[in-house]
Amino acid sequence: MTQTEDFFKHVISHAKEYGFIFPSSEIYDGLSAVYDYGQYGVLLKNNLRNYWWQSMVQMHENIVGIDAAIFMHPTTWKASGHVDAFSDPLIDNKDSKKRYRADVLIEEHIAKIEGKIEKEVEKAAKRFENFDAAMFRNTNARVLEYQQKIDAINARFKAALENNNLAEVKQIILDLEIVCAISGSRNWTDVRQFNLMFHTQLGSVADEASTIYLRPETAQGIFVNFLNVQKTGRMKIPFGIAQTGKAFRNEIVARQFIFRMREFEQMEMQFFVKPGTELTWYEYWKETRLAWHKALGMPPQKYRYHDHIKLAHYANAACDIEFEFPFGFKELEGIHSRTDFDLKAHEQYSGKKLQYFDPELNESYVPYVVETSVGLDRMFLATLSTALQTETLDDGTTRDVLKLHPALAPVKAAIMPLVKKDGLPDKAREIMRTLQFDHYCQYDEKDSIGKRYRRQDAIGTPFCITVDHQTLTDNTVTIRHRDSMQQQRIAIAKLPQTVMEAVSFKKLFV
Ligand code: ATP
């Protein structure tokens, strides 16, 4: 097992052991790609959602939020293209019976070639002083050869997808000699399209007309409410509608813990703009969203843009913000310039006008849309896996510590009496009461103080406040900082301000 696989396993077991994430219905052996958030997980998830909501809705005068229902009229999904086109190409290996996404097999093959390029660049960087990586990529024969291979595969793959030529997709897999990771064979079935929407019946009449879907994205709830919000909120273009909520996809290959789930949560914002200005806004949101991620303090080199080579039927520009998860760079957020596709399609299917009267131009038009769409669970995984660190201390012991941004920490402060007697518990509870209106705090009197610190480190609590005998005489406590483990004696009166300053979301916006 590689170090990264080991680390990823460590993240998963830490998440379970400390009450962040449990497999769904675990007593029945779980349900594939469905997870429950535990007592600390739900707090971290809420904090991530709040950070998104505050930055999108609270900090933008021209963005408002809604909460649309999960069930929608089935024609919504006909209009959006999901009934006909929301599918992934799947392929099975006949020997292992393992199912794969054909596009993912090809993308992973390309990633391997990219890995070879990176190795060449690294080797050369070690050899030459004043090394210019960009220049090396443009001139080195071996790198150019690898790059040509990638370009050729991409071009062939793009053409196959555009023509919906599934036989060609299979042929690419055969020509690239891609093998099944389990059987090691190239004994592949044909490639088929598989629709990812879950459906169920509305009411008691089980006929075709009563089939409804669990929404596969939250965006459509925003599009169908475009006019309701615009009129009642007297919104002027450009403006945005934001929403967070559950989405459901019957993913073919659901692995990698909460990265790819069948039930997950999205945080989406549709920004309605004047036609012709969409690409300027697209660039604006691309930059703004990356800055939002980076403000959380995770290493900047863990993020990169990935521009789409094949644009979805509704888009005229699209990119992903990718994050370096424990298993490599993968999509964290999508930013899409969706043109007027959705509103026009809903106009056509509903027969209702979905237009905006622009008082400056004195005319009506169907606005264009730039969308930002981030998975809350993927944010959670990115945050948890980056924050979890194992440190060796001076005395040779180790500690697992979650170095979360304090604004995201599930518990902001743990209040601990040094001993369970002499009135220290009462004093500790009194302090707890002054803090818990504003912050989620924890009272802990069990085990040695060292063990209590370790428990709080493991869930990312930024402050441990210890009440000792001196507290009773001078109203001071020790406050221990999670990352530095430094302890400081401060007046109880200063605690509310100290904690508030550290955990406020405000710091993320300045
Ligand atoms: P992928 O290519 O990884 O399947 P996607 O391009 O289909 O993702 P979008 O439709 O753009 O994803 O959805 C927007 C966001 O929703 C993604 O960036 C991701 O963070 C999140 N998301 C999508 N599918 C899942 C899933 N199955 N589990 C968890 N999060 C998801």
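Start by selecting R489 and, leaving aside its neighbours within four places in sequence, show what it is in contact with: D468, Q470, T471, T476, V477 and T478. What you have open is a predicted model, so please read every distance on this tour as a value computed from that model.

**Stop 1: around R489**

Colour strand β23, residues 487-491, and you will find R489 within it. Now display the side chains of R489 and D468, which are joined by a polar contact of 2.8 Å. Add T476 to the selection: its side chain and that of R489 also make a polar contact, again of 2.8 Å. If you switch to a C-alpha trace, R489 and T476 are separated by 6.5 Å, with their positions 13 residues apart along the chain. Is R489 buried, partly exposed or exposed? Its relative accessible area is 30%, so R489 is partly exposed.

**Stop 2: the ligand**

Next, centre the view on the ligand and bring up the 17 residues around it. Which of them come nearest? Look for E251, R260, M261, E331 and L332.

Three polar approaches are worth labelling here:

- E251: a polar atom of its side chain lies 2.8 Å from a nitrogen atom of the ligand.
- F259: here a backbone N or O atom lies 3.3 Å from a nitrogen atom of the ligand.
- L332: a backbone N or O atom lies 2.8 Å from an oxygen atom of the ligand.

Turn on a surface for the ligand alone and then add the protein: on its own the ligand has 590 Å² of accessible area, and the protein covers 85% of it. To see which parts of the fold contribute, colour β10 (263-273), β13 (328-339) and β16 (368-375), the elements that give two or more residues to the shell around the ligand. Which element supplies the largest share of that shell? Pick out β13, which provides 5 residues. Colouring the shell by residue class gives 5 nonpolar, 5 polar and 7 charged residues.

**Stop 3: the domains**

Zoom out and give each domain its own colour, following the domain assignment: domain 1 is 36-74 + 196-378, domain 2 is 87-192 and domain 3 is 393-508. Note that domain 1 is written as two segments, 36-74 and 196-378. Place a marker at the C-alpha centres of domain 1 and domain 2, and the distance between them comes to 29 Å. How many residues of each are in contact across this pair? There are 8 from domain 1 and 11 from domain 2.

**Stop 4: backbone details**

Most residues other than glycine have a negative phi, and most peptide bonds are trans. With that in mind, step through a few places along the backbone.

Select I237 and P238 first: the peptide bond from I237 to P238 is cis, with omega near 5°. P238 sits in the loop between α10 (226-232) and β9 (239-248).

Move on to K97, in the loop between β4 (87-92) and β5 (99-101). K97 is not a glycine, yet its phi is positive, at about 65°. With a relative accessibility of 67%, K97 counts as exposed.

Then go to N164, in the loop that joins α7 (141-162) and α8 (166-175). Its phi is near 50°, another positive value in a residue other than glycine.

Finally, show helix α15, residues 449-459, and mark its buried residues: R452, Y453, Q456, D457, A458 and I459. Just after α15 comes G460, with a positive phi of about 85°.

**Stop 5: two residues to compare with their distant partners**

Select L311, which you will find in the loop between β11 (303-307) and β12 (317-325). At 33% relative accessibility, L311 counts as partly exposed. Not counting residues up to four places away in sequence, L311 touches N316, A317 and A318. Draw a C-alpha distance from L311 to E162, 149 residues apart along the chain, and it reads 9.5 Å.

End at Q348 in helix α12, residues 341-350. Is Q348 buried or exposed? Its relative accessibility is 64%, so Q348 counts as exposed. Draw one last line to E114: the two are 234 residues apart in sequence and 44 Å apart in space, C-alpha to C-alpha.

Conventions. Residues are numbered from 1 along each chain as its sequence is written. This is a predicted model: local features need pLDDT of at least 70, side-chain atom pairs count only at pLDDT 80 or more; totals for chains, interfaces and linings use all residues. Side-chain values use heavy atoms; hydrogens and water are left out. A residue is near a molecule or strand if one of its heavy atoms lies within 4 Å of it. A polar contact is a pair of N or O atoms within 3.5 Å; within protein, one must be able to donate a hydrogen and the other to accept it, and residues adjacent in sequence count only if both atoms are side-chain atoms. Accessible areas come from the Shrake-Rupley method with a 1.4 Å probe; for residues, only the protein chains shown count as cover. Helices (H or I, at least four residues) and strands (E, at least two) are DSSP runs, numbered from the N terminus. Ala, Val, Leu, Ile, Met, Phe, Trp, Tyr, Cys and Pro count as nonpolar, Asp, Glu, Lys and Arg as charged, and the others, Gly among them, as polar. Buried means under 20% relative accessible area, exposed over 50%, partly exposed in between (1.4 Å probe, protein chains only). Domain bounds come from an automatic or database domain assignment. Contact means heavy atoms within 4.5 Å.
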